Amino acid sequence: MIKLFGSLLLVCTALFLQGQPDIDYAVNVPSASLQSQENIQVYLPKSYHEGDKEYPVLYILDGQWFFLNGVAIQETLRGDELLPEMIVVGVDYKSRSYHDSLHFNHWEALSKYIEEELIAFVDQHYRTTDERVVFGWENPSYMVCDWLFRKDPVFSGYIVSNGGYVSPEMQEQFQFYQGKPMYLYIANSQKDIYTVRSSDELAEKLSVQQRDQLVWTYEQFNKEIHESLAYTSLYQGLRFYYHNYGSKVFSGTAEFYDEGGLPALKAYFEERSERFGTSPEIDASTKNSLIWLALKQDDFASFDFFMNAFKEVLTTRRYASAYWQNRLGQFYLKNEDAVHAIEYFTRGINQYPDPEFLPAMHAGLGSTYVLENDISKAKTHFREAIKLARANNDDQLQTYEMKLERLK
């Protein structure tokens with residue numbers, strides 16, 4: 001009994017450890033700029049040890065507070081369909097005085113450490129891409145802005161929470177930048193009486209002098225306070241930066257048309273391909289969701305359009321079942337499209353003869369042939385539906401019998 005308990009304990013411990021995130025809370029980074037050994041926290045994605053894939057990096061200033069928030073975002077998202085898997089680096093600021101930072105004491109050395117030493121250290125010790133996003137809350141948000149508004153920024157995404165600043169000199173320096181667009185997300189709350197004015201002024205100055213190389217937005221979350229906004233702004237900032245990383249999702253078919261229809265959808269995936277190296281073709285997930293939206297909304301005109309525009313997706317495994325053949329056939333029948341209803345019911349019966357759906361598909365063919373005024377075929381399929389329904393105790397038996405009786 002004791003041996004059995006011990007074995008179970010070992011198995012449970014192994015499973016528990018296997019499910020834990022890969023985090024190192026004490027990675028030492030030597031810094032000549034600061035003349036010290038600095039501490040960072042590093043999170044590696046679940047797939048990191050499964051191959052040789054390279055990952056973008058999220059740098060979180062004030063890692064002693066917010067590092068685990070970045071980890072939670074990675075751990076709770078299922079897969080990388082919304083945001084990519086990322087390495088998360090927490091930059092430990094607890095040994096740095098905010099008062100000193102605010103008055104620019106050690107500012108240059110601290111900035112140099114992160115830009116020139118820390119990034120090089122991370123790139124050397126981990127498999128990284130050149131895509132880097134940085135998050136700064138309160139005073140570090142000013143440092144984040146300082147890194148952005150220059151001619152050679154080292155990050156591509158900047159999340160500024162509860163603060164932010166840009167001077168005329170910084171804006172002028174950024175005029176010389178000619179690379180790919182930089183992304184800036186600014187967040188604050190009217191309840192943060194300490195820093196909201198800085199964020200407002202930053203947004204006002206950016207509005208006056210727009211540049212194609214800077215994609216930015218400013219959002220206020222007025223239910224949040226100074227201490228709580230960081231959690232919201234980090235997630236929303238990542239969503240803003242990766243706004244076109246995932247499949248395109250619509251709330252309804254009307255939104256699809258309002259946003260420009262098929263040409264706009266194609267442009268979305270072409271831009272996505274250019275940014276992230278993905279296929280420029282509309283993906284199966286978006287095609288499926290539009291077909292299902294039209295079905296759910298009983299929008300036959302849109303359904304018919306999507307079924308024709310995305311007909312190649314109908315040959316994928318997702319639709320290789322009696323369930324889908326019957327469902328599509330029934331919708332065509334409901335809208336009196338006999339040609340397509342016959343196509344899907346017949347394919348379902350011949351290729352996916354699932355006893356659960358066979359009675360419904362035969363009955364569907366019976367009703368479709370009634371539309372075609374082919375009563376002989378209609379009766380044949382209703383009789384088959386009744387026979388199968390009796391064998392399977394189908395609760396639609398009486399309905400099928402009534403439909404056959406009407407034909408007599």
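**Salt bridges in a predicted model**

Colleague: In this predicted model, what is the relative accessible area of Lys53?

Modeller: Partly exposed residues lie between the limit for buried, under 20%, and the limit for exposed, over 50%. Lys53 falls into that middle class and therefore counts as partly exposed, its relative accessible area being 40%.

Colleague: Which residue forms a salt bridge with Lys53?

Modeller: Side chains of opposite charge can pair when their charged atoms come close. For a salt bridge, the nitrogen has to lie within 4 Å of a carboxyl oxygen, and here the closest N and O atoms are 3.9 Å apart. Lys53 sits in the loop between strand S2 and strand S3, while its partner, 32 residues apart, sits in the loop between helix H2 and strand S4. This partner is buried, with a relative accessible area of 18%, and it is Glu85.

Colleague: Where along the chain is Lys334, the residue that meets Asp298 in a salt bridge?

Modeller: The side chains of Asp298 and Lys334 meet with an N to O distance of 3.1 Å. Asp298 is partly exposed at 41% relative accessibility, whereas Lys334 is exposed at 53%. The pair links distant parts of the chain, with Asp298 in the loop between helix H11 and helix H12, and Lys334 in helix H13.

Colleague: Which residue joins Asp146 and Arg150 in one network of salt bridges?

Modeller: Asp146 and Arg150 meet in a salt bridge at 3.4 Å, N to O. Asp146 is partly exposed at 24%, while Arg150 is buried at 15%. Salt bridges that share partners join these two residues into one network with Glu115.

Definitions and conventions. Residues are numbered from 1 along each chain as its sequence is written. This is a predicted model: local features need pLDDT of at least 70, side-chain atom pairs count only at pLDDT 80 or more; totals for chains, interfaces and linings use all residues. Side-chain values use heavy atoms; hydrogens and water are left out. Helices (H or I, at least four residues) and strands (E, at least two) are DSSP runs, numbered from the N terminus. Buried means under 20% relative accessible area, exposed over 50%, partly exposed in between (1.4 Å probe, protein chains only).
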